[in-house]
Amino acid sequence: MQGTVATYDASTRSGVLLLDDGTELAFPARGFDASGLRLLRLGQRVRVDRDAAGEVVRVTLPTMA
């Protein structure tokens, strides 16, 4: 699934995404850390991977595998 970065706190490496259906989805530091990215910008499009429980496990750029 994809969304847009609504908030991002570089000190905690966590934030909130706005999904395409308008739902807000918080992501934890471990989801950002798993991406290999160094930073996120507000308004940036991202792809979200979630586990079976619905927890965000990775936030990456849509062009990354």
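Biologist: Why is S35 called buried?

Modeller: S35 has a relative accessible area of 7%, and buried means under 20%, whereas exposed means over 50% and partly exposed covers what lies in between, as computed with a 1.4 Å probe on protein chains only. Because 7% falls under that limit, S35 counts as buried. This is a predicted model, in which local features need pLDDT of at least 70 and side-chain atom pairs count only at pLDDT 80 or more, while totals for chains, interfaces and linings use all residues. Residues are numbered from 1 along each chain as its sequence is written, and side-chain values use heavy atoms, with hydrogens and water left out.

Biologist: Where does S35 sit, and what makes its approach to F32 a polar contact?

Modeller: S35 is placed in the loop between α1 and β4, where helices (H or I, at least four residues) and strands (E, at least two) are DSSP runs numbered from the N terminus. Its side chain reaches the backbone oxygen of F32 at 2.5 Å, and a polar contact is a pair of N or O atoms within 3.5 Å, of which, within protein, one must be able to donate a hydrogen and the other to accept it, residues adjacent in sequence counting only if both atoms are side-chain atoms. A polar atom of the S35 side chain also lies 3.4 Å from the backbone oxygen of V59, and both distances are therefore within the cut-off.

Biologist: Why is the pair of Y8 and F27 called stacked?

Modeller: The structure holds two aromatic pairs. In the pair of Y8 and F27, the ring centres are 6.4 Å apart with 10° between the planes. Rings of Phe, Tyr and Trp (its six-membered ring) pair if their centres lie within 6.5 Å, and planes under 30 degrees apart count as stacked, over 60 as edge-to-face and the rest as tilted, so this pair is stacked. Y8 lies in strand β1 and F27 in strand β3, so the pair ties together parts that are 19 residues apart in sequence. Y8 is buried at 19% relative accessible area, and F27 is buried at 3%.

Biologist: What makes the pair of Y8 and F32 tilted?

Modeller: Their centres are 5.2 Å apart and their planes 45° apart, an angle that is neither under 30 nor over 60 degrees, so the pair falls among the rest, which count as tilted. Y8 in strand β1 and F32 in helix α1 are 24 residues apart, and Y8, F27 and F32 form one aromatic cluster.

Biologist: How do you know that D33 and R13 form a salt bridge?

Modeller: Their closest N and O atoms are 2.7 Å apart, and a salt bridge is a side-chain nitrogen of Lys or Arg within 4 Å of a carboxyl oxygen of Asp or Glu, so the pair qualifies. D33 lies in helix α1 (residues 29-33) and R13 in the loop between β1 (2-9) and β2 (14-19), so the pair ties together parts that are 20 residues apart in sequence. D33, at 41%, is partly exposed, as is R13 at 33%.

Biologist: Why does D20 count as exposed?

Modeller: Its relative accessible area of 57% is over 50%, so D20 is exposed, whereas R45, at 34%, is partly exposed. The side chains of D20 and R45 meet in a salt bridge at 2.8 Å, N to O.
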